[in-house]
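Q: Got a minute to go through this one with me? I'd like to start at the ligand and work outwards.

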Amino acid sequence: MTPTPAWRLEHTYTRLPGLFFTEVEPTPVEKPQMVIFNKALAAVLGLPQEDAAVYAGNTLPPGARPIAQAYAGHQYANFTGLGDGRAILLGEQITPDGERFDIQLKGPGPTPYSRRGDGRAALGPMLREYIISEAMHALGIPTTRSLAVVTTGEKVWRQDGGLPGAVLTRVAASHIRVGTFEWAAAHRDVEALRALAEHTRQRHYPEIENNPVALFEAISERQAKLLTQWMLIGFVHGVMNTDNMALSGETIDYGPCAFMDAYDPATVFSSIDRHGRYAYGNQPPIAQWNLARLAEAMLPLFHDDEKQSVEIANELIPKFEERFKKRWLAGMRAKLGLFTEEAEDAALIQDLLDQMKDSDADFTNTFANLTTGRYEPDAWYERWQNRLTRQPQSRDEVSQLMRRSNPAFIPRNHKVEEALAAANGGDLKPLQTLLEVITRPWEHDRDLPDYSQPGSKAGYKTFCGT
Ligand code: AMP
Ligand code: MG
């Protein structure tokens, strides 16, 4: 029998030293109205069904102890103190399966970390986060999830004028970031750092021993896995600051993210990323750069002697690249239906990518076409076909592997924009249809050209902090 849905909130994070959080209440809003509620996710969490007042922050659910978390971060390589400026954590929900998830309101009003911000969010960006995070989940990529979006009946004021205000409920394994460690390190508080490391281990890496080096290795491994999944699916996060890298290994902070259409490692969507720091092809080295900041923060934990600590860190950091490269090659083999390993596979893969780059080929559709036999045969195709004959697996096995490695549907930028524009005008139908398509990404037999075509070509721009 499934237990009655109920709030079962715990607060293990608040057992950490006080420097990591501040108690703060959400600011009630004028007129909470549910826009979208994730019933399937609510069931997994064992939560009662929709109640707009709760998900707007007007009514606290039973057992809530709202806090804003403190953290620092390297934003575009510049170090700053940050914290939840527009997010409030209600607590950690214990699911019927005994799992623990942070329930956080995004856009609930100001906190002590808001600086000059209003602590609020606009409907468009919150729905964007809902769409993309649910697509990522359906694609099998670790991610925070979206439980609800409510409108507030209030306007938020941004560059483009007054926009409908909204609150998103975000569900995460935790919100501990690289920046959380940087916050403790900046305070030169080794005891706080140690407590945070142990909390992180117990929560996300219970299988490893209480040892900071082992913890760092496990974090690096999980980031390598995550980055591989992003790269294999054409995901561009857009703002990989260290405060936006979760130590759980989940994708977090959906701001200016988008999926790449034509294959190009230089793909950037974020309007403020002028130098391409967070371009598609730059994401793995940036992840390693972020891990280097984590290692720096963890130095006092690695060894009592600073020189030895630095030596340990210098050995740990570059291992990310090896981990990523190994996983990426394995993942690309799967995309091409390869079960066995040959030395020339790397060249076969690279030649396809080079050819895609030269011809502006759509990333998702090229692999989808190879999967379903709609790829226009060329010299590369003949090489690949030859390679397939040199493994014992049947064509059917190849096809099955490719069908679960190459999605048919990703959230196409033009469809996302269309759904958001309609929702802003009060029409939720396009949003619902889009969600229905992208939460079944592997269904190659559905013929929905409007959802699988890339739409208009160059110049798509996204914005963060809105
Ligand atoms: P992000 O770009 O979403 O990772 O946010 C970077 C930092 O800015 C975080 O500390 C956020 O909490 C803060 N922030 C973003 N938007 C707002 C806002 N409207 N009001 C207050 N703080 C904000
Ligand atoms: Mg952030």
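A: Sure. Keep in mind that this is a predicted model. A good place to begin is a nitrogen atom of ligand 1, which sits 2.8 Å from a polar backbone atom of G119.

Q: OK, and how much of ligand 1 does the protein bury?

A: The protein buries 84% of the 480 Å² that ligand 1 exposes when taken alone.

Q: Which side chains have polar atoms by ligand 1? Start with R86.

A: R86 has a polar side-chain atom 3.3 Å from a nitrogen atom of ligand 1. Then there's N244, with a side-chain N or O atom 3.2 Å from an oxygen atom of the ligand.

Q: How many residues surround ligand 1, and which are the closest?

A: There are 17 residues around ligand 1. The closest are G83, G85, D118, G119 and N244.

Q: And how does that shell split by class?

A: Eight charged, seven polar and two nonpolar residues make up the shell around ligand 1.

Q: Switching to the metal. Which protein atoms are donors to the magnesium ion?

A: The magnesium ion is ligand 2, and its protein donors are OD1 of N244 and an OD atom of D253. They lie 2.1 to 2.3 Å from the ion. So N244 turns up twice, since it is also among the closest residues to ligand 1.

Q: Are those two donors, N244 and D253, buried or exposed?

A: N244 and D253 are both buried.

Q: Why does D253 count as buried?

A: Because its relative accessible area is 16%, and the cut-off for buried is under 20%.

Q: Where is D253 in the fold?

A: D253 is in the loop that runs between β12 (235-236) and β13 (258-259).

Q: What's up with the phi of D253?

A: Its phi is positive, about 70°, although D253 isn't a glycine.

Q: What about D360, what's its phi?

A: D360 has a positive phi near 55°, and D360 is not a glycine either. D360 is in the loop between α10 (345-358) and α11 (363-372).

Q: And why is D360 called partly exposed?

A: Because its relative accessibility is 45%, and partly exposed covers what lies between the 20% and 50% cut-offs.

Q: Let's zoom out. How many helices and strands are there?

A: The protein has 16 helices and 13 strands. Its radius of gyration is 23 Å, close to the 23 Å from the globule rule for 466 residues, so the protein is as compact as a globular protein of that length.

Q: What box would I need for the C-alpha atoms?

A: Along the principal axes, the C-alpha atoms fill roughly 65 × 60 × 55 Å.

Q: What percentage of the residues count as buried?

A: 57% of the 466 residues do.

Q: I had Q400 and F269 flagged. How far apart are their C-alpha atoms?

A: Q400 and F269 are 33 Å apart, C-alpha to C-alpha, with their positions 131 residues apart along the chain. Q400 is in helix α13 (residues 395-405), and Q400 is partly exposed at 44% relative accessible area.

Q: Last pair: how far is P164 from H303?

A: Their C-alpha atoms are 51 Å apart in space, and the two residues are 139 residues apart in sequence. P164 belongs to strand β11 (residues 161-172). With a relative accessible area of 30%, P164 is partly exposed.

Key. Residues numbered from 1 in each chain as written. Chains lettered and ligands numbered in written order. Predicted model: local features only at pLDDT ≥ 70, side-chain atom pairs only at ≥ 80, totals over all residues. Heavy atoms only, no water. Near = heavy atom within 4 Å. Polar contact = N/O pair within 3.5 Å; in protein donor to acceptor, adjacent residues only side chain to side chain. Areas by Shrake-Rupley, 256 points an atom, 1.4 Å probe, with all protein chains shown as cover. Nonpolar A, V, L, I, M, F, W, Y, C, P; charged D, E, K, R; others polar. Donors = N, O, S within 2.8 Å, 3.2 Å for Na, K, Ca; no water. Buried < 20%, exposed > 50% of the residue type's maximum accessible area, 1.4 Å probe, protein only. Helix = DSSP H or I, 4+ residues; strand = E, 2+ residues; numbered from the N terminus. Rg over C-alpha atoms; globule rule 2.2 N^0.38 Å.
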